[in-house]
Amino acid sequence: MTDLPPEDPAPAFRLFWDNSSLTPARALRLAEAISMDAMQAAPPPRPLYGTAAQRLPAPDSPLTALWRERHSERRFGATPLTAAGLGNLLSPLASRAAITPGERGRLLPSGGAKYPVLTYAAVLNVADAPALQGKLAWYDPEHHGLVPLGALPPWQALAASLGVDWAGPPALVLFFVVQAQGTLAKYGERGGRFVLIETGTALAAVTLEATRQGLAGVPVASFEDGALLALCGLAPATHGLALAAAFGPAPG
Ligand SMILES: Cc1cc2nc3c(=O)[nH]c(=O)nc-3n(C[C@H](O)[C@H](O)[C@H](O)COP(=O)(O)O)c2cc1C
């Protein structure tokens, strides 16, 4: 009897993922599409309801004040990120037990508690962390720590793989990688939505903390999938890079 490969629980999601992965050739076509869009920018969608909305009380939440400070910044200062700042930045991704021993689950929600989002970090300019400096590292949520995996390529090479042309490097680039098998096995095609939603949740959480620290930062989606996945030592058959995000001290 021949062993059949296990049935893919979400073939359409796999196809979508492969079709939306960037290669250098696809990145060129995407850059053209982005330029076209800039010439004919449309306003964001707005349903055609009446405009006499019931106004809500002006927000007085401290979180609103923080969100007001948020904006995408692609220039970074040369001051290193502190190890304490790095710890706080990644803390929303931690397991509860890493913060309070004995507690279960994680600070962020996950469909079916499958936690498909893995976070890798390119540590480019962090003080007081010699074992991590210049390294690619995996964030271990159970221990709230970074596991150094190997040396990073020079910033110019990393920037090319990210598809960015910034004047200088950020202190840190996060890679949100999805290992979706558990979510897809449980939820089938619908689970594909979950892993992307959970990536966005992780981005929002670290962005809010970065803003609280006064850091500059920006999400990055223009990356070459294969190159950065290979940098993380991961295979496209089992893992996908969903989104990257750069953070660092604000320019002086
Ligand atoms: C999913 C996502 C992908 C993005 N990808 C990139 C990117 O590849 N490069 C970039 O410079 N900015 C990127 N951005 C930042 C947007 O350009 C930015 O959020 C938008 O222009 C609004 O500006 P603001 O963030 O300052 O409010 C991305 C944002 C999101 C949410």
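## Starting at one edge

Let's begin with strands S5 and S6, the latter covering residues 240-249: they run antiparallel and are joined by six bridges. To pick out one pairing, Ala-216 has Gly-248 in S6 as its bridge partner. Keep in mind as you look around that this is a predicted model.

## The whole sheet

Now zoom out. S5 and S6 belong to an open sheet of six strands, and walking across it you meet S3, S2, S1, S4, S6 and S5 in that order. The pairing is antiparallel. Strand S3 (145-151) and strand S5 (215-220) sit at the edges with a single partner strand each, so each has one side without a neighbour in the sheet. Leaving direction aside, neighbouring strands here are turned against each other by 25° on average.

What packs on this sheet? Helix H6, made of residues 155-162, does. H6 touches strand S1 (117-123), strand S4 (172-178), S5 and S6, and its direction makes about 40° with that of S4.

## Over to the other edge

On the way to S3, you pass S1 and strand S2 (residues 135-140), an antiparallel pair held over three bridges. Here Tyr-120 stands opposite Trp-138 in S2.

Next come S2 and S3, which also run antiparallel, with six bridges between them. Ala-137 finds its bridge partner in S3, namely Pro-148. S2 and S3 form a hairpin with four residues between the strands, and in that hairpin His-144 takes a positive phi near 45°.

## Around the ligand

Which residues surround the ligand? One run is Arg-70, His-71 and Ser-72, joined by Arg-74; the others are Val-218, Pro-219, Val-220, Ala-221 and Ser-222. Some of these names lead back to the edge strand, as S5 spans 215-220. Sorted by class, the shell holds four nonpolar, three polar and two charged residues.

A few backbone atoms deserve a closer look. A polar backbone atom of Ala-221 is 2.8 Å from an oxygen atom of the ligand, and for Ser-222 a polar backbone atom is 3.2 Å from a ligand oxygen. Pro-219 has a backbone N or O atom 3.4 Å from a nitrogen atom of the ligand. As for cover, the ligand taken alone exposes 610 Å², and the protein buries 50% of that.

Technical notes
Residues numbered from 1 in each chain as written. Predicted model: local features only at pLDDT ≥ 70, side-chain atom pairs only at ≥ 80, totals over all residues. Heavy atoms only, no water. Pairing = 2+ DSSP bridges. Helix = DSSP H or I, 4+ residues; strand = E, 2+ residues; numbered from the N terminus. Axes fitted to C-alpha atoms, helices over the stretch in contact; angles between N-to-C directions. Contact = heavy atoms within 4.5 Å. Near = heavy atom within 4 Å. Polar contact = N/O pair within 3.5 Å; in protein donor to acceptor, adjacent residues only side chain to side chain. Areas by Shrake-Rupley, 256 points an atom, 1.4 Å probe, with all protein chains shown as cover. Nonpolar A, V, L, I, M, F, W, Y, C, P; charged D, E, K, R; others polar.
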